[in-house]
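Work through the exercises below with the structure open beside the text. Each task is followed by a solution in steps.

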Amino acid sequence: MPTFLTVSGSVSPDSCTERLLLTEIVPRLSGDGDGIRHLAVRDLPAEALLHGDAGHPRLAAAAGLLAAADGLVIATPVYKASYSGLLKAFLDVLPRRGLAGKAVLPLATGHMASHGVLLHEALRTVLRSMGATAVVPGCFVTERAARSLRAPQYVQVRERLDRGTELLRRAAGRLPRQPDGDARSVA
């Protein structure tokens, strides 16, 4: 059975991205939550992230979690029409091909539906450039929809989340395990 890592690029533990969207994804990946780990980038040392100190023990441990996972859910709020700087700082510390052999499901939350293009144009491009073997179709959810996912009018959002997690499970299950690389090298 594949293992998964959810990565939150949110600066707040109370954000829609983490509190609502990621908690909605976990049962879809695995009914009981087995084989799923979570990484909140905001819990990593800011100074080490900003200085690109990939050798810092906590950043190396985070890179190790990522390396050990078959599939990743990368979730970010949209700030000023871009994914979070916190997530960007973390991705920058990872090795250049740090996502090689990984299946990735990108998720984002934001105020306006027009920000959904971010997933396709920016985040997916970065994930592919880092060697992700499969970047399955992501899902952008407005904050309003994230707060009301159970409401009947958001059935399409729930269906997109179901489809994305199913595609991630399939892709992660088919990908060969990559040998652990040097998690300490900087891109």
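The exercises concern a predicted model and go from the whole chain to single residues.

**Exercise 1. Confidence**

Task: State how confident the predictor is over the chain, and find where pLDDT stays under 50.

Solution:
- Step 1. The average pLDDT of the chain is 86.
- Step 2. A score of at least 70 is reached by 90% of the residues.
- Step 3. Residues 179-187 are the stretch in which pLDDT stays under 50. For this stretch the model has 23 contacts beyond four places in sequence.

**Exercise 2. Elements and overall burial**

Task: Give the secondary structure in order, then describe burial, surface and contacts for the chain.

Solution:
- Step 1. Seven helices and seven strands are found in the chain.
- Step 2. Read from the N terminus, their order is β-α-β-α-α-β-β-α-β-α-β-β-α-α.
- Step 3. The chain has 187 residues, and 53% of them are buried.
- Step 4. The exposed area is about 8900 Å², with 54% of it supplied by carbon and sulfur atoms.
- Step 5. Take the contacts between residues at least 6 apart in sequence: 80% of these join residues at least 24 apart.

**Exercise 3. Cysteines**

Task: How many disulfides does the model contain, and are Cys16 and Cys139 buried or exposed?

Solution:
- Step 1. The test asks for two cysteine sulfur atoms within 2.5 Å. The count by this test is zero disulfides.
- Step 2. Burial needs a relative accessible area under 20%. Cys16 has 7% and is therefore buried.
- Step 3. Cys139, with 1%, is buried as well.

**Exercise 4. A salt bridge between separate parts of the chain**

Task: Count the salt bridges, then say what the pair of Arg42 and Glu18 connects.

Solution:
- Step 1. The criterion is a side-chain nitrogen of Lys or Arg within 4 Å of a carboxyl oxygen of Asp or Glu. Seven salt bridges satisfy it.
- Step 2. In the pair Arg42 and Glu18, the closest N and O atoms are 2.7 Å apart.
- Step 3. Arg42 sits in the loop between β2 (36-40) and α2 (46-50), while Glu18 belongs to helix α1 (residues 16-29), so this salt bridge ties together parts 24 residues apart in sequence.
- Step 4. Glu18 has a relative accessibility of 12% and so counts as buried.

**Exercise 5. Salt bridges within a helix**

Task: For the pairs Asp92 and Lys88 and Glu166 and Arg169, find how many residues apart the partners are.

Solution:
- Step 1. Asp92 and Lys88 form a salt bridge with an N to O distance of 2.8 Å.
- Step 2. Both are in helix α4 (residues 85-93), and because they are four residues apart, about one helical turn separates them.
- Step 3. Asp92 is partly exposed at 41% relative accessible area, and Lys88 is partly exposed at 36%.
- Step 4. Between Glu166 and Arg169 the closest N and O atoms are 2.2 Å apart, in a salt bridge.
- Step 5. This pair lies in helix α7 with a spacing of three residues, about one turn.
- Step 6. Glu166 is partly exposed at 26%, as is Arg169 at 27%.
- Step 7. Elsewhere, Glu24, Arg28 and Asp162 are joined into one network by salt bridges that share partners.

**Exercise 6. A buried arginine**

Task: Locate Arg158, and find which side chain of opposite charge is nearest to Arg158.

Solution:
- Step 1. Arg158 is part of helix α7 (residues 155-174).
- Step 2. Arg158 is buried but has no salt bridge. Its nearest side chain of opposite charge is Glu24, at 6.5 Å.
- Step 3. Beyond four places in sequence, the contacts of Arg158 are Arg28, Leu149, Arg150, Ala151 and Pro152.

**Exercise 7. Sequence distance and spatial distance**

Task: Set separation in sequence beside C-alpha distance for Phe140 and Ser114, and for Leu50 and Phe90.

Solution:
- Step 1. Phe140 is in strand β7 (residues 139-142) and is buried, at 11% relative accessibility.
- Step 2. From Phe140 to Ser114 there are 26 residues in sequence and 9.6 Å between C-alpha atoms.
- Step 3. Leu50 is in helix α2 and is exposed, with a relative accessible area of 71%.
- Step 4. Leu50 and Phe90 are separated by 40 residues in sequence and by 8.7 Å, C-alpha to C-alpha.

Note on methods:
Residues are numbered from 1 along each chain as its sequence is written. Side-chain values use heavy atoms; hydrogens and water are left out. Buried means under 20% relative accessible area, exposed over 50%, partly exposed in between (1.4 Å probe, protein chains only). pLDDT is the predictor's confidence in each residue, from 0 to 100. Contact means heavy atoms within 4.5 Å. Helices (H or I, at least four residues) and strands (E, at least two) are DSSP runs, numbered from the N terminus. Accessible areas come from the Shrake-Rupley method with a 1.4 Å probe; for residues, only the protein chains shown count as cover. Lys and Arg count as positive and Asp and Glu as negative; His and the chain ends are not counted.
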